[in-house]
Amino acid sequence: MKAFYFLISLLALASSVAFAYDPSPLQDFCVAINDTKTGVFVNGKFCKDSKLANADDFFFQGLGPGNTSNPLGSKVTPVAVNEILGLNTLGISLARIDFAPKGLNPPHTHPRGTEILVVLEGTLYVGFVTSNQDNNRLFTKVLNKGDVFVFPIGLIHFQLNVGYGEAVAIAGLSSQNPGVITIANAVFGSKPPISSEVLTKAFQVGENVIEYLQKQFWYNNS
């Protein structure tokens, strides 16, 4: 009998641990509100009555070439929950990335998703940097047509076209809304700007360098 009660207690403990977690966030933040009458957002999107769903809710047409005529020479075309409403709650999305010769998808992170990238055309130099606790190690690889590489969730990563022609890749992401933070844009192009006192100390450069960088136009390729 003691063994029976011990087993029941163990199962109850395991059950409480299994359910004691928060769902992964599907946007940058969701501020709690006590007055539900003025609440305007949930974690994800509200759901359509499943009886009213149709094939168009799960369809996206024309994932064609993106316009790479920009300072970075790259274009990211996302297909996430905003493009396919049927992706809501399914935890996946993808993006097509087009590269002009020497085009760059600059250092960025996806705060809510791991990325797996496959090269369809061309040659890409790709890499990611680990966290501070792992001494910011750089992992890189040169990918050719048909090669696949994984960028773990939240880590800074990049892709550079090192071939002689255009390049194309498809990225799968483990979130319906993985988000993207382009490092240069966020640090030097934030609105309002981050204090130059903060950035000069952080980067150990003169204030004139920071002011120059903050005056640049930081292009968003997605």
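This passage describes a sheet, a loop residue beside two of its strands, and a nonpolar surface patch in a predicted model.

The strands of the open sheet, 5 in number, are arranged in the order E6-E5-E8-E3-E10, and their pairing is antiparallel. At the edges lie E6 and strand E10 (181–182), each of which pairs on one side only. Strands of a sheet pair through backbone hydrogen bonds, in either a parallel or an antiparallel manner. Between E5 and E6, the antiparallel pairing extends over 6 bridges. Within this pairing, Leu124 is positioned opposite Leu143 of E6.

Strand E5 (124–129) and strand E6 (138–143) are linked by a loop that contains Asn136. Asn136 is classed as partly exposed because its relative accessibility is 41%, a value between the limits of 20% for buried and 50% for exposed residues. When neighbours within four places in sequence are set aside, Asn136 is in contact with Val129, Thr130 and Ser131. With Thr130, the side chain of Asn136 reaches the backbone oxygen at 3.2 Å. The C-alpha atoms of Asn136 and Leu155 are 9.9 Å apart in space, with a separation of 19 residues in sequence.

A further feature is found at the surface, where Ile116, Val148 and Val150 make a nonpolar patch of about 240 Å². Of these residues, Val148 belongs to strand E7 (residues 148–151). The relative accessibility of Val148 is 48%, and this residue therefore counts as partly exposed.

Definitions and conventions. Residues are numbered from 1 along each chain as its sequence is written. This is a predicted model: local features need pLDDT of at least 70, side-chain atom pairs count only at pLDDT 80 or more; totals for chains, interfaces and linings use all residues. Side-chain values use heavy atoms; hydrogens and water are left out. Helices (H or I, at least four residues) and strands (E, at least two) are DSSP runs, numbered from the N terminus. Buried means under 20% relative accessible area, exposed over 50%, partly exposed in between (1.4 Å probe, protein chains only). Contact means heavy atoms within 4.5 Å. A polar contact is a pair of N or O atoms within 3.5 Å; within protein, one must be able to donate a hydrogen and the other to accept it, and residues adjacent in sequence count only if both atoms are side-chain atoms. Two strands pair if DSSP finds at least two bridges between them. Patches are made of residues with over 30% relative accessible area and no salt bridge: like charges are joined within 9 Å, nonpolar side chains (Val, Leu, Ile, Met, Phe, Trp, Tyr) within 5 Å. Accessible areas come from the Shrake-Rupley method with a 1.4 Å probe; for residues, only the protein chains shown count as cover. A salt bridge is a side-chain nitrogen of Lys or Arg within 4 Å of a carboxyl oxygen of Asp or Glu.
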